[in-house]
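Please work through the exercises below with the sequence and the model open side by side. Each exercise sets a task and is followed by a solution in steps.

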Amino acid sequence: VWVLESSIYQADRATISAALDAVIALPAIEVGDEALLQKAIDLYAQRGMDWTDAYLVATAIRSQARDVVSFDRFDSKLGGLGLRRVEPGRNSRQ
């Protein structure tokens, strides 16, 4: 993702998500949790999250967490997911 987003390639989200889908569909590629990875790809493509945030949120959804701890401010992109972003070091029970 980071290489394709770089100033060299400057690929858009649709191109990157299609490339990721194609890679994980290859028979020679084995991933530990394809559903989790697919959710991260969908969040990245459809909600405009950074890749790391999308993977973090996908992991939180999978584990049925209610909070996502991150310095990145992507609160508006969490709508309808049943999650909220909490600043690190703050009490998540507020």
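The exercises go from the overall fold to the core, the aromatic rings, the salt bridges and the surface, and they rest on a predicted model.

**Exercise 1. Describe the secondary structure and the overall dimensions of the chain.**

Solution. Begin with the elements, of which the chain has four helices and two strands. Reading along the sequence next, one finds the order α-α-α-α-β-β. For the dimensions, take the C-alpha trace, which spans about 45 × 30 × 20 Å along its principal axes. Finally, consider burial across the chain: of its 94 residues, 31% are buried.

**Exercise 2. Identify which residues of the largest nonpolar core touch the most other members, and state which helix supplies the largest share.**

Solution. The largest nonpolar core has 21 residues, and the ones that touch the most other members are Leu43, Met49, Trp51 and Val57. Turning to where the core comes from, helix 2, helix 3 (34-47) and helix 4 each contribute at least two residues. The largest share belongs to helix 3, which supplies six residues of this core.

**Exercise 3. Classify the aromatic pairs of the structure by their geometry.**

Solution. A pair of aromatic rings is described by how far apart the centres lie and by the angle between the planes. The structure contains two such pairs. In one of them, tyrosine 44 and tryptophan 51 lie 6.0 Å apart, centre to centre, with 80° between the planes, and this pair is edge-to-face. The other step concerns tryptophan 51 and tyrosine 55, whose ring centres are 6.4 Å apart; their planes meet at 45°, so this pair is tilted. That angle is neither under 30 degrees, as stacked rings would require, nor over 60, as edge-to-face rings would.

The sequence positions can then be added: tryptophan 51 and tyrosine 55 both belong to helix 4 (residues 51-62), and because they are four residues apart there, about one helical turn separates them. Taken together, the ring pairs join Tyr44, Trp51 and Tyr55 into a cluster.

To judge burial within this cluster, recall that buried means under 20% relative accessible area. Tryptophan 51 has a relative accessibility of 13% and therefore counts as buried, and tyrosine 44 is buried as well. Tyrosine 55, at 36%, counts as partly exposed. A last step looks for a charge at the rings: the charged end of arginine 13 sits over the ring of tyrosine 44, at 4.5 Å from the ring centre.

**Exercise 4. Locate salt bridges that link distant parts of the chain, and describe the burial of their partners.**

Solution. Five salt bridges are found in the whole structure. One of them joins the side chains of aspartate 33 and arginine 62, with an N to O distance of 2.7 Å. Its partners are 29 residues apart, since aspartate 33 lies in the loop between helix 2 and helix 3 whereas arginine 62 lies in helix 4. Aspartate 33 is partly exposed at a relative accessible area of 27%, and arginine 62 is likewise partly exposed, at 45%.

Another salt bridge brings together arginine 84 and aspartate 67, at 2.8 Å from N to O. This pair spans 17 residues, from aspartate 67 in strand 1 (residues 67-69) to arginine 84 in strand 2 (residues 84-86). With a relative accessibility of 33%, arginine 84 counts as partly exposed.

**Exercise 5. State whether arginine 85 and glutamate 87 are buried or exposed, and place them in their network.**

Solution. The side chains of arginine 85 and glutamate 87 form a salt bridge of 2.9 Å, N to O. Both of these residues are buried. They are also part of a network of salt bridges that links Arg73, Asp75, Arg85 and Glu87.

**Exercise 6. Name the residues that make the nonpolar surface patch, and describe the setting of valine 23.**

Solution. Val23, Leu26, Ile29 and Val31 make a nonpolar surface patch of about 280 Å². Among these, valine 23 is placed in helix 2 (residues 13-25). Its relative accessible area is 40%, so valine 23 is partly exposed.

**Exercise 7. Determine how far leucine 56 lies from valine 68 in sequence and in space.**

Solution. Leucine 56 is located in helix 4, and at 33% relative accessibility this leucine counts as partly exposed. Along the sequence, leucine 56 and valine 68 are twelve residues apart, while in space their C-alpha atoms are 7.5 Å apart.

Methods. Residues numbered from 1 in each chain as written. Predicted model: local features only at pLDDT ≥ 70, side-chain atom pairs only at ≥ 80, totals over all residues. Heavy atoms only, no water. Patch = residues over 30% accessible without salt bridge, like charges linked within 9 Å, V, L, I, M, F, W, Y side chains within 5 Å. Areas by Shrake-Rupley, 256 points an atom, 1.4 Å probe, with all protein chains shown as cover. Salt bridge = Lys/Arg side-chain N within 4 Å of Asp/Glu carboxyl O. Buried < 20%, exposed > 50% of the residue type's maximum accessible area, 1.4 Å probe, protein only. Phe/Tyr/Trp six-rings, centres within 6.5 Å; stacked < 30°, edge-to-face > 60°. Lys NZ or Arg CZ within 6 Å of the ring centre and 35° of its normal. Core = buried A, V, L, I, M, F, W, Y, C linked by side-chain atoms within 4.5 Å.
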